Amino acid sequence: MNKNKNFYITTPIYYPSAAPHIGHLYTTVACDAIARFKRKQGYNVMFLTGTDEHGQKIEQKAKEAGVTPKQYVDEIAEKFQKLWKYVNVDYDRFIRTTDEYHEKSVQNIYRTLLEKGYLYKSEYKGKYCTPCESFWTESQLDENGRCPECHREVKESTEEAYFFKLSAFSEKLEKLLTETDYVQPEWRAKELVNNFIKPGLEDVCVSRTSFTWGVKLPFDEKHIAYVWIDALSNYITALGYENGKFDDMKDFWPADVHMVAKDIMRFHALIWPAMLMALDLPLPKKLSVHGYINFNGVKMSKSIGNVVDPFVLGERYGVDAIRYHILREMPFGSDSDYSNEIMINRINSDLANDFGNLVSRTVAMVDRYFGGTLPETRENGDFDGDLKEMAVKLAPAVEKLVDETKLSLALTEIMTMVSRANKYIDETTPWILAKDPDKIPRLACVLYNLLETIRICASLLDPFMPQLMPKALEQIGASAADTEFEKLSVFGVLPANVTVKKGDILFPRIDVEKEIEYLNSVIAPNKSESKTDNGSVNDDDLDGAGVITIDKFAEVKLRTGKVIACEKVAKSNKLLKLQINDGRGIRQIVSGIAKWYKPEDLVGKKIVFVANLAPAKLCGEVSQGMVLSCDIKSNADGKQQVILLEVNPDVPDGTAVR
């Protein structure tokens, strides 16, 4: 056990501009699962979350609602706290940037930065996105001259402001991103270097005078703190930095894990480390960056009517099932796709058919054949060794993946063990053993092995599904002592004469068609949904009727991009999944080129892709574009060969092709 070890994990603090939806869940539920896992290992855990409550957008929305900014954020912050309680998020501390102690700390941080010479007063002229509370240079805007994150209009802004000398830390930040594993996955770090540091890191505007809802600077009260400096500071102010509210810096800083979505990684990977360097504080150990939960390929957004109410889902399918689904579907570093059908099928396959069925079948057989209590006399046999060997290796494998914040893979490992246990039932045929009195000791051994496997799997699933796993463990007769982490790598922990207790079905099977019909009736339709086929063009289509006008061709946006990562699509022999740096971020494109390219052959290639193709799903993976290739025939054997269209490596990512 690690009784004397501390572990600090944080979510970003949420901007309370709208009611929370399932798109908000991933980061907080993921951090909660990691925090629970570390507590299970014996760590002294600090899990921080909260709300970011200052800024121009809040001031505007409060005015529209006819209330004060504080009244507005009080109501929204309460909704977030209600949601976290509902989905069993067990945080240790909840911070609000309107908390008096936090505001005091932010003022002291600004004072220190000024005294150290990292702040200077000047005039800001540039593009500002109010919804994102972000400043952008002209080159960083999207192809329509809008915010590259939310794609809304930006406004020309000119005002007196203080600037933070971010450029002074350019070399140190590049080393941080290229020579350490601070940002994970690694290709996200490369993206930041290519998009922000290589073009020249600019000083950042860190105060505003055009509105008043924020923390006043102690040395110039007509200025208020830039909302991102205010927000990022929460990770240390919540521990007591520069305030008398808490005294936890010595125990928990530096943070073990900051987890954020990809849209705010630049703040956490550039501005935040630079701030800490300026304050002479150690840097966090890891910044784990995840993607979005997309609805049919489009990021969830209330403005386009595709948000999903987690309270509705939880009431119908149980909170644990929802937690499991969003954690299981999110691949490390990339986006995940949400649809009603994907969710229900995942619950049915993994939880109802596999895990739930394993528990109910095993408990029922112990009850039917032995009256609920196993005899101590048993006999080993075929298939036992393989099951036991796999079971004792599970906890170390899951521990490693949790430490790497690869939660989807951790759950996959556990469910692979569950599938092996179900196969073990088919291999050993307990219902046949029960018919032969001489085979009763063997039957007892089989059922004990199944109970032990469930003990290990349910204990490891408990941080992910904390509501129902204790019930599963109760049904198989496991005590709290039996689920201690160090005992999860040992087979044979349950008492030899263990007694089971039949209970309710953990995960009832869902009627797919009925539930999809219901959910579609309560969730607004996705306005951006498209039936566009993301397939290849047949040469025959180019004759006659295939002719298009120059105006039609102009609608197709072609851009250059670099392949950062590539892997095979699990459900297909033909498809590869490419992560492409498109000059504005990372997009995923699925392409049917596995016959001609190995994944490792594509990494580093500079290719051309269709940038404005509607998202489509191929074998369960969302594709956000199409790579261009040439079809040729080999002179030797006449077989078709596909070769990707490549461009000069010196061409910047995101360059328009025309």
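The three exercises below, each with a worked solution, concern a predicted model.

**Exercise 1.** Work out which strands stand at the edges of the sheet formed by E9, E10 and E11.

*Solution.* Begin with the order of the strands, which is E9-E11-E10 in an open sheet with antiparallel pairing. Next, consider the partners: strand E9 (207-208) and strand E10 (216-217) each have a single partner strand, so one side of each is left without a neighbour in the sheet, and these two strands therefore stand at the edges. Finally, look at how E10 is joined to strand E11 (residues 220-225): two bridges link this antiparallel pair, and Leu 217 stands opposite Asp 220 in E11.

**Exercise 2.** Describe how helix H13 and helix H18 cross, and find what kinds of residues make their contact.

*Solution.* Start with the geometry: the axes of H13 (residues 340-370) and H18 (residues 440-461) come within 10 Å and cross at roughly 145 degrees, and the crossing is left-handed. Then identify the residues in contact, among them Phe 355, Leu 358 and Thr 362 of H13 and Leu 443, Leu 447 and Ile 454 of H18. Sorting the residues of this contact gives 16 nonpolar, one polar and no charged.

**Exercise 3.** Decide whether Cys 147 is in a disulfide or in none, and whether Cys 147 is buried or exposed.

*Solution.* First recall that a disulfide is a covalent bond between the sulfur atoms of two cysteines. The structure holds zero disulfides, and Cys 147 is in none, since the nearest cysteine sulfur, that of Cys 129, is 3.7 Å away, whereas the cut-off is within 2.5 Å. With a relative accessible area of 0%, Cys 147 is buried, because buried means under 20%.

Conventions. Residues numbered from 1 in each chain as written. Predicted model: local features only at pLDDT ≥ 70, side-chain atom pairs only at ≥ 80, totals over all residues. Heavy atoms only, no water. Pairing = 2+ DSSP bridges. Helix = DSSP H or I, 4+ residues; strand = E, 2+ residues; numbered from the N terminus. Axes fitted to C-alpha atoms, helices over the stretch in contact; angles between N-to-C directions. Left-handed = near helix turned anticlockwise from the far one by under 90°. Contact = heavy atoms within 4.5 Å. Nonpolar A, V, L, I, M, F, W, Y, C, P; charged D, E, K, R; others polar. Buried < 20%, exposed > 50% of the residue type's maximum accessible area, 1.4 Å probe, protein only.
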